[in-house]
Amino acid sequence: MATLELDSITKTFQDGDEEIVAVDDVSLSIDDGEFLVVVGPSGCGKSTTLRMVAGLETITSGTLSIDNRVVNHVKSQDRDIAMVFQSYALYPHMSVRQNMSFGLEESTDLPDDEINRMVSETGEMLGISDLLDRKPSDLSGGQQQRVALGRAIVRDPEVFLMDEPLSNLDAKLRAEMRTELQRLQNDLGVTTVYVTHDQTEAMTMGDRIAILDGGELQQIASPLKCYHEPANQFVASFLGEPSMNFFDVALDGDRLVGDVFEYPIDDEVRADLGEATDLVLGIRPEAIKLVESKSDAHEFEMTVDVVEPMGDENTVYLHFDPDADPESAETLVATIDGFTRVSEGDSVVARIPQDAIHIFDGLTGEALHNRSMEDAADQVDLA
Amino acid sequence: MSDSEPRTDGGATTIGRLRRNLDRMTVEGAGLYVVLVFAAAFYLVPIESGLVTSFKTGTAIIQTAPFAPPGPSGLTFEKWQTAIDTLLRGMGNSLLYAVPATVISAFVGSITAYGLTIPTWKKSYKAVVLMLIIAGIFIPYQAVLVPLTQFWSQWAQLDQVLSFVWALGIDDDYVGIVELVITHVAYGIPICTLLFRTYYKTMSDEMIESARLDGATLRRVYRRIVLPLSGPMFAVVLIYQFTQIWNDLLFTLVIVSTESSPAAPVVLILAGLGSSLEGQDFALRMAGAFFAALPTLAVYIFFGEEFAEGVAA
């Protein structure tokens, strides 16, 4: 078990005469036993970051230390880390037992019977004891995934690295493995860096999540903090499904003026905005309420465009102007209770509560005003 | 043939099925079969003719068509007997260099290809080495004959180095066998390297990386991961190299040169078999040719399954 520290890590690739920056000045520090999820869209540099930690890519600049020991130039095999790959990367000519013993045979001087005992123990822990003598090609995807995990766990490394380990599984199995992985990591207490593009995995699994975009670290915080207090518009849009609603607005006195609506704000919110006048108003779909009739300036008469029933809830797409072209008009997405009856073409009143809005700088994307986590928690208590 | 009719498996007799198939046969279908049968015959007739000729007496060869089987009076196994007697010692000599040269060139090719593919060495260095190796494939045998003779007779005088072997009572002509092994290995490395490199390119990078993270050194990755997975490509390379080396006449001509030498390979003896001042003994030549080809056939049969897998890869 160990701490892991990335200090101003940068990676550039040479493509002909062009220099491509894959990872740009990323600093992270991961506590002993922590589960950190690195998340971002494809091409954001998250896998490259992980591969640099593994020693599979060289580090262009910056320092990487495991347990306060700088390992920039330490070979992969001497870093005492284990990695689980998306493709599992099992050795096809070896049985499951041989796959799992390989690392111990290569990296330790343990006697064969000791290795055998450890492999059997790990096999039992993962529920793959009866598969130990089979070849990887005889196993299902889920079983192969377990073997790949087992191969990492049996070595008892300082750090686990996981590169989208669940993305080749079907949805149901993925949900199961998500829970199991968390339980395992909790039991083993091994420092883990987990890379994924799946925001559900990021939200549910990590102690903290690090969000990367374009090779730059956007935010690193607990999942709930990232969700409720995003550092910028990218983080706000990346987390949450359906994604947060954004409207370009301009500040005019104590009102936010958009193309088709005006939204009054009070002094407290106004104070957060400073000098900026080009703003983006953000509101999460689940914060929007449908009410009986318009009684407040934060409520808007809208027309239902599309309803997507999800069972427990409905996702509704609303327009401000009933006559607008549905293709181009500004849409407000709201998530409402599954029992609420709405259908296409209905006129409804939507409330955008002021305590749930986020306001971003229109130029830099930086968050100027977020709903506070305490407020969000209070609302849950009331409901 | 048309697929419009439902396929049923009724009418259990073979005759019935055959008749139904014939009923459905269109003109194009029939034409296709005629062409196929003709093509098959075109390829098989020379082999068949050779085989029946090898069992014919001298008179039968003159009296019957080349592809017709010998009559009871024209049948003889005497030519095969003579061919085996004459070629057997050459077979031994050929195996003596063909087997080691094949195995060594395949193995060296595999290691070279591994070095050029898997490790993260600088691409620019790898490219130069690879270019040189690939250029080696295109050097024709004829171009190296003179330098080769000079090399073995003036630069590397192996017969002196190996004098302790001749002291043991082994004929010093066998130095030719050693020279043949080295020559064929050198000549075989480029093509073997290229074949293995193509194969290793398709190997999963993540699997190799995983082995490196598991603590395996480059050498151990080769030994425990790459080599065990190279089986199909080894089959391809072994078959290809063995056939090449076994059938090569040119190098044996310049290095061993005389069929009377105790170290004469089978191809050298075969070249003179059945020809004399009285004329060609066709039956003996055919029997000799078939006998000399048996080992290559055996290698194909032995590695056939892996060969198919390797070619498909």
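This report walks through a predicted two-chain model, from its overall layout down to a few single residues.

**Getting oriented**

Residues are counted from 1 along each chain as its sequence is written, while chains are lettered from A and ligands numbered from 1 in the order in which they are written. Since the model is predicted, local features need pLDDT of at least 70, side-chain atom pairs count only at pLDDT 80 or more, and totals for chains, interfaces and linings use all residues.

The model scores ipTM 0.81 and pTM 0.80. Chain B has a mean pLDDT of 86 (pLDDT is the predictor's confidence in each residue, from 0 to 100), and 96% of the residues of chain B reach 70 or more. A word of care: where pLDDT is low, the predicted coordinates should not be read in detail.

**Chain A as a whole**

Chain A contains 10 helices and 21 strands. Here helices (H or I, at least four residues) and strands (E, at least two) are DSSP runs, numbered from the N terminus. The C-alpha trace of chain A spans about 75 × 45 × 45 Å along its principal axes. Of its 383 residues, 39% count as buried. A residue is buried if 20 or more other C-beta atoms lie within 10 Å of its own, exposed if 12 or fewer, and partly exposed in between, with C-beta atoms placed from the backbone.

Contacts tell us about the fold too. Two residues are in contact if their C-beta atoms, placed from the backbone, lie within 7 Å. Among the contacts in chain A with a separation of 6 or more, 66% come from residues 24 or more positions apart.

**Two sheets in chain A**

Two strands pair if DSSP finds at least two bridges between them. How are the strands β6, β7, β8, β3, β9 and β10 of chain A arranged? They form an open sheet in the order β6-β7-β8-β3-β9-β10, with mixed pairing. β6 (81-84) and β10 (216-221) of chain A stand at the edges with a single partner strand each, so one side of each has no neighbour in the sheet. From one strand to the next, the twist averages 15°. Axes are lines fitted to C-alpha atoms, for helices over the stretch in contact, and angles run from 0 to 180 degrees between N-to-C directions.

At the β6 edge, four bridges join β6(A) to β7 (residues 159-163) of chain A, and these two strands run parallel. A:Ala82 stands opposite A:Phe160 in β7(A). Helix α4 (residues 141-153) of chain A lies across β6 and β7 of chain A, at about 175° to β6(A).

Another open sheet of six strands in chain A has the order β13-β12-β11-β14-β20-β21, and its pairing is antiparallel. Its edges are β13 (262-264) and β21 (367-369) of chain A, each with a single partner strand, so one side of each is left without a neighbour in the sheet. The twist in this sheet averages 40° from one strand to the next. Three bridges join β11 (residues 245-252) to β12 (residues 255-257) of chain A, which run antiparallel, and A:Asp252 has A:Arg255 in β12(A) as its bridge partner.

**Residues in the loops**

Here are three loop residues of chain A and their surroundings.

| Residue | C-beta neighbours within 10 Å | Class |
|---|---|---|
| A:Met94 | 17 | partly exposed |
| A:Tyr88 | 24 | buried |
| A:Glu164 | 19 | partly exposed |

A:Tyr88 is in the loop between β6 and α2 of chain A, and has a positive phi of about 70° although it is not a glycine. A:Met94 is found in the loop between β6 and α2 (96-107) of chain A. A:Met94 and A:Pro136 are 42 residues apart in sequence, yet 7.6 Å apart in space, C-alpha to C-alpha. A:Glu164, in the loop between β7 and α5 (171-188) of chain A, has a positive phi of about 45° although it is not a glycine. A cis peptide bond joins A:Glu241 and A:Pro242, with omega about -5°.

**Chain B and the contact**

B:Lys122 lies in the loop between α4 (78-117) and α5 of chain B. With 8 C-beta neighbours inside 10 Å, B:Lys122 counts as exposed. α5(B) is hardly covered: one of its 15 residues is buried.

Where do the chains meet? The contact takes 14 residues from chain B and 17 residues from chain A. On the side of chain B, α10 (205-213) and α11 (218-226) are the elements that give two or more residues, and α10(B) gives the largest share, six residues.
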